[in-house]
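Let us take a walk through this structure together, one part at a time. Keep the picture open beside the text as you read.

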Amino acid sequence: MVYICTPVFSAACQPDQGWTTGPWFHESMGDGLVPLKVRRFLIGANVTARLVPPRGAEAFAYVIAGSGAAAASAPAERFALGTESMLWLGVCEELSVEAELDGLDLMVAETTGPGADDPPGPALRKVFAAGELPHLVSTRDTRDRLDLVTENVPVGARTIRADRSIYHPGDTAAAHYHTDCHHVFCVLAGSGLLYDGEHAHRLETGDSALVGPGEVHWFENDTAENFSFVEFWAPPPTETIWTVAGDRCTWAPAG
């Protein structure tokens with residue numbers, strides 16, 4: 001069964017100080033079974049926002065749009081942020097973000113499952129500019145993928161995996177399911193259809209959706225505009241099953 005939510009990103013925190021936030025995905029959406037929390041932060045131009053630090057054992061920030069800098073502690077470190085950069089956070093006690101003239105649209109994701117409260121090892125924090133992340137294109141159609149946290153991004157992630165996908169008009173994925181993980185989607189822009197094998201569900205900008213283990217699903221962009229989202233696997237899948245003989249999704253390096 002597919003769960004769909006339309007969050008409100010302007011109802012919490014500090015609107016009088018130039019920034020707002022809201023939950024994009026939280027555990028209760030999947031009856032407490034999904035070890036993932038995702039928040040979105042909308043930070044105005046030249047505004048400094050002190051954020052609630054992620055408490056999960058593994059966490060990262062992804063810049064949807066804009067530029068600025070992040071400061072995390074302890075130990076104190078500072079990182080430059082640009083559009084489509086990814087900051088691997090690990091565990092941090094404090095997190096603040098300073099937006100530049102173009103503001104910041106920021107996603108922060110963290111694991112919440114077993115192991116999240118284990119004593120952390122040495123903190124690894126690293127920012128990857130968009131050009132440093134693996135950029136892939138579909139060999140099946142014209143889809144575009146940017147790996148954020150995968151086996152191809154050297155941060156040692158064990159309990160979370162994520163990438164950014166763009167479906168151009170007419171693109172579709174092959175029907176498939178994952179045997180042992182929950183699949184979460186947070187829509188960045190556009191509109192598209194999420195199929196669950198029996199029904200088509202319309203997703204719009206800002207929506208989040210959940211597909212459970214063993215549930216067949218695929219996407220289609222049936223519009224004239226690009227459809228993009230960040231997809232999470234929690235935990236990362238050990239096996240993907242393609243349900244139509246000879247039809248599967250494969251990827252090649254862009255360029």
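Two strands are said to pair if DSSP finds at least two bridges between them. Keep that rule in mind for a first example: strand E5 and strand E6 (residues 77-81) are joined by 5 bridges and run in the antiparallel sense. With 5 bridges, E5 and E6 meet the requirement of at least two, so they count as a pair. One position to look for is Ala-72, which stands opposite Glu-77 in E6. Between E5 and E6 there are 3 residues, and the two strands form a hairpin.

Now step back to the whole chain. This is a predicted model, and its chain has 21 strands and 0 helices. What radius of gyration would a compact globule of 255 residues have? The expected value is near 18 Å, and the chain has 18 Å, so the two agree. Along the principal axes, the C-alpha atoms fill a box of roughly 50 × 40 × 40 Å. Half of the story is inside: 50% of the 255 residues count as buried. On the outside, the accessible surface comes to about 11200 Å², and carbon and sulfur atoms account for 53% of that. If we take the contacts between residues at least 6 apart in sequence, 73% of them join residues at least 24 apart.

The strands come next. Strands of a sheet pair through backbone hydrogen bonds, either parallel or antiparallel. One open sheet in this model has 8 strands in the order E1-E17-E14-E19-E12-E11-E10-E21, and its pairing is antiparallel. Strand E1 (3-5) and strand E21 (251-253) are at the edges; each has a single partner strand, so one side of each has no neighbour in the sheet. Ignoring direction, neighbouring strands here are turned by 25° against each other on average. Within this sheet, look for strand E14 (residues 182-189) and strand E19 (residues 227-234), an antiparallel pair joined by 7 bridges. Val-184 has Phe-232 in E19 as its bridge partner.

Another open sheet is built from 3 strands in the order E16-E15-E18, again with antiparallel pairing. Its edge strands are E16 (200-204) and E18 (218-220), and each of them pairs on one side only. From one strand to the next, the twist averages 30°. Strand E15 (residues 191-195) is joined to E18 by 3 bridges, and Leu-194 has Phe-219 in E18 as its bridge partner.

Let us now go inside. Which residues touch the most other members of the largest nonpolar core? They are Leu-36, Val-38, Phe-60, Met-86, Met-107, Leu-148 and Phe-232, out of 30 residues in that core. Many strands contribute: at least two core residues come from each of E2 (19-25), E3 (36-43), E5 (59-73), E7 (86-88), E8 (94-111), E11 (144-149), E14 and E19. Apart from this core lies another, of 22 residues, among them Trp-19, Leu-104, Leu-106 and Val-108.

Phe-232, which we met as a bridge partner of Val-184, is a good place to linger. Beyond residues up to four places away in sequence, Phe-232 touches a list of residues including Leu-36, Val-38, Phe-60, Met-107 and Ala-162. Ala-162 itself is found in strand E12 (residues 161-167). Is Ala-162 buried or exposed? Its relative accessible area is 0%, so Ala-162 is buried. Leaving aside neighbours within four places in sequence, the contacts of Ala-162 include Asp-147, Leu-148, Val-149 and Val-230. Ala-162 and Val-184 are 22 residues apart in sequence, and their C-alpha atoms are 9.3 Å apart in space.

Two further residues round off the tour. His-182 lies in strand E14 and, at 15% relative accessibility, counts as buried. Among its contacts outside the four nearest places in sequence are Leu-33, Val-34, Pro-213 and Phe-232. Arg-40 lies in strand E3 and is also buried, with a relative accessible area of 9%. With neighbours within four places in sequence left aside, Arg-40 is in contact with residues including Phe-9, Trp-24, Ile-64, Asp-105 and Gly-206.

Terms used
Residues are numbered from 1 along each chain as its sequence is written. This is a predicted model: local features need pLDDT of at least 70, side-chain atom pairs count only at pLDDT 80 or more; totals for chains, interfaces and linings use all residues. Side-chain values use heavy atoms; hydrogens and water are left out. Helices (H or I, at least four residues) and strands (E, at least two) are DSSP runs, numbered from the N terminus. Axes are lines fitted to C-alpha atoms, for helices over the stretch in contact, and angles run from 0 to 180 degrees between N-to-C directions. A nonpolar core is a set of buried Ala, Val, Leu, Ile, Met, Phe, Trp, Tyr and Cys residues joined through side-chain atoms within 4.5 Å. Buried means under 20% relative accessible area, exposed over 50%, partly exposed in between (1.4 Å probe, protein chains only). Contact means heavy atoms within 4.5 Å. The radius of gyration is taken over C-alpha atoms; the globule rule is 2.2 Å times the number of residues to the power 0.38. Accessible areas come from the Shrake-Rupley method with a 1.4 Å probe; for residues, only the protein chains shown count as cover.
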